[in-house]
Amino acid sequence: MAEGCHASPVSAGSGAMALLGAWAALGGRPAPYGKGTERLLPGAARLPARAAWCLQELPSLLLPAALAALAARRPAPDAHRPHRPLLLALFCAHYFHRALIYPFFTKGRPFPVRVTISAALFCTINGLLQGYYLTYCAEYPDDWYTDIRFVAGIVMFFLGMGVNIHSDHLLRQLRKPGEITYKIPQGGMFAYVSGANFLGEIVEWMGFALATWSLPALAFAFFSLCFLGNRAYHHHRFYLEVFPNYPKSRKALIPFIF
């Protein structure tokens with residue numbers, strides 16, 4: 001265990017995140033944002049989607065970066081090894097896009113304030129957990145770059161990120177400015193699943209867990225699978241109910257299977 005690392009908070013935080021993921025999967029309804037928001041939280045106070053996305057995702061970018069900056073002032077004995085900074089940079093890269101790029105292109109509906117606060121709290125805890133582990137706890141051998149777990153994880157991470165970003169782009173193109181009607185997504189992985197954007201992010205975090213080979217990242221990947229998988233399932237049901245001509249061969253999340 002690296003000097004300065006406290007294993008108990010890391011284990012407790014990881015366990016709590018895994019339990020939260022299981023609750024999200026078994027709780028029935030997905031978080032009340034996006035499709036069906038008015039039905040789930042009628043009359044709730046709301047923020048513009050762009051402001052909400054930026055505010056809620058920003059902690060997962062700023063907090064790990066701050067931890068890394070603080071640690072750089074007191075370098076660890078193995079600070080010359082670039083594995084930990086590289087892996088932390090992957091985490092921050094996702095949230096740089098999600099907090100500072102994605103919001104300025106989104107055409108989403110206004111977010112309930114309570115959902116934004118809940119998401120910001122989760123991103124704060126997760127940002128601290130992932131950042132703390134990769135800054136103070138993670139230990140990797142010098143040849144970790146050639147390990148199959150690292151290589152496969154990096155490939156999965158960027159593949160998932162590509163699918164996620166491309167799918168978000170396709171969703172944005174469905175609506176013209178000012179248009180609020182729903183349409184059937186087409187192209188990319190949407191040819192196979194209703195939740196192509198969710199599938200991409202799940203693969204991304206599974207790759208991150210594999211590349212970091214860490215308990216916090218595994219817990220986050222499990223949470224993402226449960227939380228986003230639940231959303232994909234309900235989005236799929238929504239499309240089937242609203243569009244009589246919805247492609248019958250299209251699955252919810254996993255091509256040809258589910």
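**Entry 1: getting oriented**

A helix here is a DSSP run of H or I with at least four residues, and helices are numbered from the N terminus. I start with that because the labels α5, α6 and so on rest on this numbering. I also note at the outset that this is a predicted model.

I went through the secondary structure and found 9 helices and 2 strands in the chain. Reading from the N terminus, I get the order α-α-β-α-α-α-β-α-α-α-α.

Next I looked at the whole chain. It has 258 residues, and 47% of them count as buried. I looked up contacts with a separation of 6 or more, and 84% of them join residues 24 or more positions apart. For the surface I noted about 13,100 Å² exposed, with carbon and sulfur atoms supplying 69% of that area.

**Entry 2: the annotated spans**

I checked the record. An unreviewed UniProt entry lists residues 117–136, 148–167 and 205–228 under "transmembrane region". I then asked what two of these spans look like in the model.

Residues 148–167 are 100% helix and 0% strand, and the C-alpha atoms at the two ends are 28 Å apart. For residues 205–228 I found 92% helix and 0% strand, with end C-alpha atoms 11 Å apart.

I wanted to see what lies inside that last span. The loop between α8 (196–212) and α9 holds W213. I looked up the backbone there: phi of W213 is near 50°, a positive value in a residue that is not glycine.

**Entry 3: aromatic pairs**

How many aromatic pairs does the structure hold? I count 24 of them. In one, F91 and Y95, the ring centres are 5.1 Å apart and the planes stand at 50°, so I log the pair as tilted. For reasoning on that label: rings under 30 degrees apart would be stacked and over 60 edge-to-face, so 50° falls in between.

Both residues sit in helix α5 (residues 83–100), 4 positions apart, which is about one turn of the helix. F91 has a relative accessible area of 0% and is buried. Y95 is buried too, at 3% relative accessibility.

My next pair was F122 with F223. Their ring centres lie 4.5 Å apart with the planes at 25°, so this pair is stacked. F122 belongs to helix α6 (residues 113–137) and F223 to helix α9, so the pair ties together parts that are 101 residues apart in sequence. I checked burial, and both F122 and F223 are buried.

I then followed the ring pairs outward. They link F91, Y95, F122, F157, F158, W205, F208, F220, F223 and F227 into a cluster. Both pairs I had looked up, F91 with Y95 and F122 with F223, have their members in it.

**Entry 4: two buried spots, T116 and A138**

T116 is also in helix α6. Is T116 buried or exposed? Its relative accessible area is 5%, under the 20% limit, so T116 counts as buried. Leaving out residues up to four places away in sequence, I find T116 touching L47, A52, Q56 and F111.

A138 lies in the loop between α6 and α7 (148–172). At 1% relative accessibility, A138 is buried although it sits in a loop. With the same sequence exclusion, A138 touches R84 and Y133. I also looked up its spacing to T212: the two are 74 residues apart along the chain, yet their C-alpha atoms are separated by 8.1 Å.

**Entry 5: the C-terminal surface**

Which residues form a nonpolar patch on the surface? I listed Y192, Y233, I254, F256, I257 and F258, with about 650 Å² of accessible area together.

I took two of its members one by one. F256 is in the segment after α9, and at 66% relative accessibility it counts as exposed. F256 also has a positive phi, about 70°, although it is not a glycine. I put it in my notebook beside W213, another non-glycine residue with a positive phi.

F258 lies in the segment after α9 (215–242) as well. Its relative accessibility is 41%, which is between 20% and 50%, so F258 is partly exposed.

Methods: Residues numbered from 1 in each chain as written. Predicted model: local features only at pLDDT ≥ 70, side-chain atom pairs only at ≥ 80, totals over all residues. Heavy atoms only, no water. Buried < 20%, exposed > 50% of the residue type's maximum accessible area, 1.4 Å probe, protein only. Contact = heavy atoms within 4.5 Å. Areas by Shrake-Rupley, 256 points an atom, 1.4 Å probe, with all protein chains shown as cover. UniProt positions renumbered as here; feature names shortened; annotations may be inferred. Patch = residues over 30% accessible without salt bridge, like charges linked within 9 Å, V, L, I, M, F, W, Y side chains within 5 Å. Salt bridge = Lys/Arg side-chain N within 4 Å of Asp/Glu carboxyl O. Phe/Tyr/Trp six-rings, centres within 6.5 Å; stacked < 30°, edge-to-face > 60°.
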